[in-house]
Amino acid sequence: MNQSISITAVLEEPTHQDTAIAKLFKQLIILFLEMLLALPLGLLLAKFYTGGIVWIFGGIAAGTLVLQGCRLFYQYSPKPNRTARKVGMAFVGLTVGSSIHGNLTSVASGIPIFIFLTLFLLLCGGCIGYIYSRMSQTNLLTAMLATVPGGVGIMAAIAADYNRNVPLVALVQAIRVTTVVLTIPFIARTSVGNYWNPQTLPVKSALLNLDLSQLELLLLVLLVTGLVVYLAILFKIPAGDFFGALLIGIGFNSLLNCLPFVGDIHFNPPPVINLLGQMLLGITVGEYWGDKPTFGKQTLGYALMSVAMTLAAGAIAAILAMQLTSWDWLTCLLVTAPGGSAEMILVSLALNHNVEIVTTGHLVRLIAINSSLPLWLFLFRRFDGQSELA
């Protein structure tokens, strides 16, 4: 009897006999292959000194290649791993939170400006969605979900819940996020010149810098972060995966030093946590590219036009922010970039450029978008129903 095991058997199309454990095992195999591929791609990109977030780019390429390979060679079409993005967001939130040393109360005074910019981007997204709907002859709800600057996974999941065109929504959202993630770092690098941070967290350096004496603290902070993130998601707190980890990163040292039996401790997550967070964020964006069916040129053209309009709205929002605040133009650009909130915060962290302002701006936007989704969905469905009756 042939006892050999083929990877083809592991990646076959799921059947009704598949158990939850088998599906989880397949997801873990795919994620392992993606991360294994993202490592050399990240190292290759690091040779070009593309800055401190090259691992996101490596993850995007790895996620796309692996999912396309599953479809082409094994006739298996796995869905994008939303859990991996939640873990990546938690790792990034923990890293960003531990790096914030400024006075957040001073940043809080700018919250009305952040809210105004968020409302402006949402209003622009609604107008762009209406224009996109008329140009592409797509129903209004699908067009709005595709163009509102929210998360790729969130908008695609909502489209699935309402039986709308999930691939189209994911396509437009993935184009927007990828375009922002690829262009903003290069714009930032051009503007700051030699001040751009060329350290790209090489794997060897990240592992060697892991202080074994703080391994217990690392395990403790990961356990606490996991618990907080789980509760935030369970209670459906907007942007809970990122926001919960960010709070842990900010307050972990203070909490430890308040304990009577603990001495003066200063813990920072090792660089490998940042590296893994970036890779997971990139991989999940790349998976949406690898999950795409074939679209016609006209569909791609309309999608690119809507993304171009969204980017223009972000640029206008940056100009408004410059007029309303004393921030420099790069800070305004990072705050108003329409997509990739965690990625834009990582850019500001790599530049050590107003991390507190950029983080607060994107957190306000994430919370506002997620909190207002029920209202937006109600309006979109109402207008969509009226247009179908007309």
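Is F235 buried or exposed? F235 is exposed, with a relative accessible area of 62%. The legends below walk through this predicted model, one close-up at a time.

**Close-up 1. A nonpolar patch on the surface includes F235.**
Let's start with the residue from the opening question. F235 sits in the loop that links α11 (215-234) to α12 (240-258). Its companions in the patch are L227, Y230, L231, L234 and I237. Together with F235, these residues offer about 640 Å² of accessible area.

**Close-up 2. E343 and R85 form a salt bridge.**
A search of the whole structure turns up one salt bridge. The partners are E343 and R85, whose closest N and O atoms are 3.7 Å apart. E343 belongs to helix α16 (residues 341-351) and R85 to helix α4 (residues 82-99), so the contact ties together parts that are 258 residues apart in sequence. The two partners are covered as follows: E343 is buried, with a relative accessible area of 1%, while R85 is partly exposed at 25%.

**Close-up 3. F114 and W327 make a stacked aromatic pair.**
Searching the whole structure for aromatic pairs gives two. In the pair shown here, the ring centres of F114 and W327 are 5.4 Å apart and the planes meet at 20°, which is why the pair counts as stacked, the cut-off being under 30 degrees. F114 comes from helix α6 (residues 111-136), and W327 from the loop between α14 (297-324) and α15 (329-336), so this pair ties together parts that are 213 residues apart in sequence. Both rings belong to residues that count as buried: F114 has a relative accessibility of 2%, and W327 has a relative accessible area of 15%.

**Close-up 4. F252 and F267 meet edge-to-face.**
Here is another aromatic pair to look at. The centres of the F252 and F267 rings are 5.8 Å apart, with 70° between the planes. F252 lies in helix α12 and F267 in the loop between α12 and α13, so the pair ties together parts that are 15 residues apart in sequence. F252 and F267 are both buried.

**Close-up 5. Cysteines appear here without a disulfide.**
A search of the whole structure finds zero disulfides. What keeps C124 from bonding to C127? The sulfur of C127 is the closest cysteine sulfur to that of C124, but at 6.5 Å it is too far for a bond. For comparison, a disulfide calls for sulfur atoms within 2.5 Å. C124 counts as buried at 18% relative accessibility. C70 is buried too, with a relative accessible area of 2%.

**Close-up 6. Helix α2 spans 38 Å from its first C-alpha to its last.**
Helix α2 covers residues 20-46, which makes 27 residues. Its span is close to the 39 Å expected at 1.5 Å a residue. The buried positions in α2 are K26, I29, I30, L31, E34, A38, G42 and A46.

**Close-up 7. Helix α13 is mostly covered.**
How many of the 20 residues of α13 are buried? The count is 17. This helix runs over residues 271-290, and its end C-alpha atoms are 28 Å apart. That agrees with the 28 Å that its 20 residues should span at 1.5 Å a residue.

Terms used. Residues numbered from 1 in each chain as written. Predicted model: local features only at pLDDT ≥ 70, side-chain atom pairs only at ≥ 80, totals over all residues. Heavy atoms only, no water. Patch = residues over 30% accessible without salt bridge, like charges linked within 9 Å, V, L, I, M, F, W, Y side chains within 5 Å. Areas by Shrake-Rupley, 256 points an atom, 1.4 Å probe, with all protein chains shown as cover. Salt bridge = Lys/Arg side-chain N within 4 Å of Asp/Glu carboxyl O. Helix = DSSP H or I, 4+ residues; strand = E, 2+ residues; numbered from the N terminus. Buried < 20%, exposed > 50% of the residue type's maximum accessible area, 1.4 Å probe, protein only. Expected span 1.5 Å × (residues − 1). Phe/Tyr/Trp six-rings, centres within 6.5 Å; stacked < 30°, edge-to-face > 60°.
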